Amino acid sequence: MARDYYGILGVDKSASDAEIKKAYRRLARKYHPDVNDTEEAAEKFREVSVAHEVLTDPEKRRIVDMGGDPMEQGGGMPGGFGGGGGFGDIFEAFFGGGGGARGPRSRVQPGNDALLRASITLEEAFAGVKKDITVDTAVVCDHCAGSGSESQSRPVTCGQCHGQGEVQEVQRSFLGNIMTSRPCPACDGFGEIIEDPCTRCSGQGRMKKRRDLVVNVPAGISSGMRIRMAGQGEVGHGGGPAGDLYVEIATRPHAVFEREGDNLHLTVRVPAVDAALGTSATVEDLAGQDLTITVPAGTQPLEQLHLPGQGMPRLRTEGRGDLIAHVEVVVPTALDERTRELLEQLREHRAETATVTREGEEGSGFFSRLKGRFRNR
């Protein structure tokens, strides 16, 4: 007489797969040998494991519904712990998944994002630029239009897994027979097969292609920032939607300016006489315009001159950073006779001598200013 597999799990004949699995998990937790070590519990665990396997297999359930017993036809109890359900079923009972059928995966998959690095000048970062780039990414196959088929015909159901996308295998072990599932080798887990694969993309529905694109680099962008170009990444398997392309910006070093956030730094070498009397220096800024830097009389070595609003544009906001000129006072070393004579007269007139100062005294703080300079850089 055929066993009442529905009654063993306590479900109706009309129960869905989800209801059957839920009932099995509840009973497996109750009767598993790790929870209940009685002989009666062990027998119950074997029964519910067999019932679960039978009722979650469409062919075996069909035999049950017709009044038969598929386990008698199949030669007895399936494996598991002491003849119970497969290891995957036990894993599913306690962890909520992993052992049940996953079904076929979609042939059309979304594509991956792509990353490209582009180098620009500081002038281009200052003004913004349209940059030509070349990318090698997967695109929709232009021969089969993404279908993967030479004739663009629809795939057919896989004859090995019957559209399930996976096949089951029974392996004998010291624990009993263990049933495992793996992707179908005939269809790679898709559950369907392209009978006439495209000769250009081999059924992938996509192919590698070099493309020329233009990326809009905004003014004020910094090294390391990425620009997102939606839908310009890799096309997915089966002609699936493309991912995004990210362009990472790297700014090349500049001969005059050094960037720090939105500020620009440069060094002005000022002769000692000009530092004492005051002078000016002219530099071409990043826009190609002449910019005058005024050096006030009495400017000291390592002093910083700030020019507000002469730095980099602030990204996506109004205004610009500052330009900071670091003064380097140049003391002459090779003196002609006339220069030495004039300096001797100046020294005699000033009547100044070298002294050692202490922190807090007027003119002190050289090392503090020096450390501050490098900290600001």
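## Salt bridges, a mixed sheet and unbonded cysteines

Glu43 is partly exposed, its relative accessible area being 37%. Its partner is Arg46: the two side chains form a salt bridge, 2.7 Å from N to O. Arg46 is partly exposed too, at 23% relative accessible area. Both residues belong to helix 3, which covers residues 39-55. They sit three residues apart there, and so about one helical turn separates them.

This is a predicted model. The average pLDDT of the protein is 84, and 84% of the residues reach at least 70. Confidence varies by element. Helix 7 (residues 122-127) has the highest mean pLDDT, 97, and helix 6 (residues 87-95) the lowest, 44. Over residues 73-101, pLDDT stays under 50. For that stretch the model has 63 contacts beyond four places in sequence.

**Salt bridges**

Side chains of opposite charge can pair when their charged atoms come close. The count of salt bridges in this model is 16. Three of them are set out below, with the N to O distance for each.

| Acidic residue | Basic residue | N to O distance |
|---|---|---|
| Glu43 | Arg46 | 2.7 Å |
| Glu124 | Lys131 | 3.5 Å |
| Asp262 | Arg314 | 3.7 Å |

Are Glu124 and Lys131 buried or exposed? Both are buried. Their closest N and O atoms lie 3.5 Å apart.

Arg314 and Asp262 also form a salt bridge, with 3.7 Å between the closest N and O atoms. Arg314 lies in the loop between strand 14 and strand 15, while Asp262 lies in the loop between strand 10 and strand 11, so the pair ties together parts 52 residues apart in sequence. Arg314 has a relative accessibility of 34% and counts as partly exposed. Asp262, at 27%, counts as partly exposed.

Some salt bridges join up. Arg117, Arg226 and Glu248 are linked in a network.

**The sheet**

The loops of Arg314 and Asp262 adjoin strands 14, 15, 10 and 11. These four strands form an open sheet. Their order is 10-11-15-14, and the pairing is mixed. Why do strands 10 and 14 each have one side without a neighbour in the sheet? Strand 10 (258-260) and strand 14 (304-307) stand at the edges, and each has a single partner strand, so one side is left without a neighbour. From one strand to the next, the twist averages 30°.

Strand 11 (residues 263-271) and strand 15 (residues 323-330) run parallel. Eight bridges join them. One partnership involves Leu264, whose bridge partner in strand 15 is Leu323.

**Cysteines**

A disulfide is a covalent bond between the sulfur atoms of two cysteines. How many disulfides does the structure hold? The number is zero.

Two cysteines show the spacing. For Cys158, the closest cysteine sulfur belongs to Cys161, 3.7 Å away, which is too far for a bond. Cys158 is buried, with a relative accessible area of 1%. For Cys201, the closest cysteine sulfur is in Cys144, and the distance of 3.7 Å is again too far for a bond. Cys201 is buried, at a relative accessible area of 6%. The cut-off for a disulfide is 2.5 Å between the sulfur atoms.

Methods. Residues numbered from 1 in each chain as written. Predicted model: local features only at pLDDT ≥ 70, side-chain atom pairs only at ≥ 80, totals over all residues. Heavy atoms only, no water. Pairing = 2+ DSSP bridges. Helix = DSSP H or I, 4+ residues; strand = E, 2+ residues; numbered from the N terminus. Axes fitted to C-alpha atoms, helices over the stretch in contact; angles between N-to-C directions. Salt bridge = Lys/Arg side-chain N within 4 Å of Asp/Glu carboxyl O. Buried < 20%, exposed > 50% of the residue type's maximum accessible area, 1.4 Å probe, protein only. pLDDT = per-residue confidence, 0-100. Contact = heavy atoms within 4.5 Å.
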